[in-house]
Amino acid sequence: MFENAIEILKLIEKKGFKAYIVGGYVRDIYLSIKSTDIDICTSAKPKDLVKIFKKNIIVDEKYGSVKLEYKNNVFDITTFRKDIIYKDNRRPSKIEYVEDLETDLERRDFTINTMCMDSNGNIIDIFNAKKEITEKIIKSVLDPIKKIQEDSLRILRAIRFACTLNFKIDRKLEKAIKKNIKSIINLSYQRKKIE
């Protein structure tokens, strides 16, 4: 699957766009944990990705993402974006495409999920995720109160990561969780069960 993901990055780059493996897969590789869930972020917009791959692709324009079946593996590919307005403490109701990787990474939940890998296998670490992983800490990207208020599922995700990775939750993030704990009532049963 990894080799196929690298091929996808190279096909996107060949058309003049940037593309990276991002998030959990890169974190797990760094932690020497086996992982098969590969997400890709790119400067290519969904319409560009449709032109590049032509088939086996499903577009979700609302969130700037596509699902691509490539060589019997399914990949989620998301265009670099900024989440503008959140609704129901869960999902953005408005997004804006951006050109740079850093702005895209700012919308992510925790620093440990911001590492990227380029098509040469180099790890890009803009938000010092390696340091947080070494220190075994779950820390919010930017303001933790804002992050939790945007998406209350992040409360359960922080706890899950802390438990499964045996990490501690950063003090500021812990305070934000305690302050907004009641917001998880609004989450669907299914989402809570998954976490």
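Let's start at helix 8 of this predicted model, where aspartate 170 caps the N-terminal end. One of its side-chain oxygens sits 3.2 Å from the backbone nitrogen of lysine 172. Helix 8 itself takes in residues 171-179.

Follow helix 8 along and you'll find that Leu173, Ala176 and Ile177 are buried. These three cover an arc of only 100° around the axis, so they end up on the same side of the helix. That fits a familiar bit of helix geometry: with 3.6 residues a turn in an α-helix, residues three or four places apart point the same way. Flip to the other side of helix 8 and you meet Arg171, Lys172, Lys175, Lys178 and Lys179, which are exposed. As for the buried residues, their cover includes two helices, helix 6 (144-150) and helix 7 (153-165), along with strand 10 (137-138) and strand 11 (168-169).

Now over to the sheet. Seven strands make it up, and it is open, with mixed pairing and the order 3-4-5-2-1-8-9. Strand 3 (57-60) and strand 9 (123-124) stand at the edges with a single partner strand each, so one side of each has no neighbour in the sheet. At the strand 9 edge, two bridges tie that strand to strand 8 (residues 116-117), and the two run antiparallel. Here methionine 117 has isoleucine 123 of strand 9 as its bridge partner.

Helix 1 (residues 2-14) packs on this sheet, touching strand 1 (19-22), strand 2 (39-42), strand 4 (65-70), strand 5 and strand 8. The direction of helix 1 makes about 150° with that of strand 1. You can check the length of helix 1 too: at 1.5 Å a residue, its 13 residues should span 18 Å, and the end C-alpha atoms are indeed 18 Å apart. Its buried residues are Asn4, Ala5, Ile6, Ile8, Leu9 and Ile12. Besides strands 1, 2, 4, 5 and 8, what covers them includes helix 3 (46-53). After helix 1 comes glycine 16, with a positive phi near 95°.

Strand 1 is a good place to look at the sheet from the inside. Ala19 and Ile21 point one way and Tyr20 and Val22 the other, yet all are buried. Strand 1 also has a partner on either hand in the sheet order. With strand 2 it shares four bridges and runs antiparallel, and in that pairing tyrosine 20 stands opposite cysteine 41. With strand 8 the sense is again antiparallel, over two bridges. There isoleucine 21 is bridged to methionine 117, the residue that also pairs with isoleucine 123 in strand 9.

A little further along the chain, glycine 24 belongs to helix 2 (residues 24-30). Is glycine 24 buried or partly exposed? Its relative accessibility is 23%, and since buried means under 20%, glycine 24 counts as partly exposed. The C-alpha atoms of glycine 24 and isoleucine 38 are separated by 7.6 Å, though the two are 14 residues apart along the chain.

Last stop, strand 5 (residues 73-79), where you'll find asparagine 73. Which side chain does the side chain of asparagine 73 make a polar contact with? The partner is asparagine 4, at 2.9 Å, and Asn4 is one of the buried residues of helix 1. Leaving out residues up to four places away in sequence, asparagine 73 touches Met1, Asn4 and Leu68.

How values were computed: Residues are numbered from 1 along each chain as its sequence is written. This is a predicted model: local features need pLDDT of at least 70, side-chain atom pairs count only at pLDDT 80 or more; totals for chains, interfaces and linings use all residues. Side-chain values use heavy atoms; hydrogens and water are left out. A polar contact is a pair of N or O atoms within 3.5 Å; within protein, one must be able to donate a hydrogen and the other to accept it, and residues adjacent in sequence count only if both atoms are side-chain atoms. Contact means heavy atoms within 4.5 Å. Two strands pair if DSSP finds at least two bridges between them. Axes are lines fitted to C-alpha atoms, for helices over the stretch in contact, and angles run from 0 to 180 degrees between N-to-C directions. Buried means under 20% relative accessible area, exposed over 50%, partly exposed in between (1.4 Å probe, protein chains only). The arc is that of the directions from the helix axis to the C-beta atoms. The expected span of a helix is 1.5 Å times one less than its number of residues.
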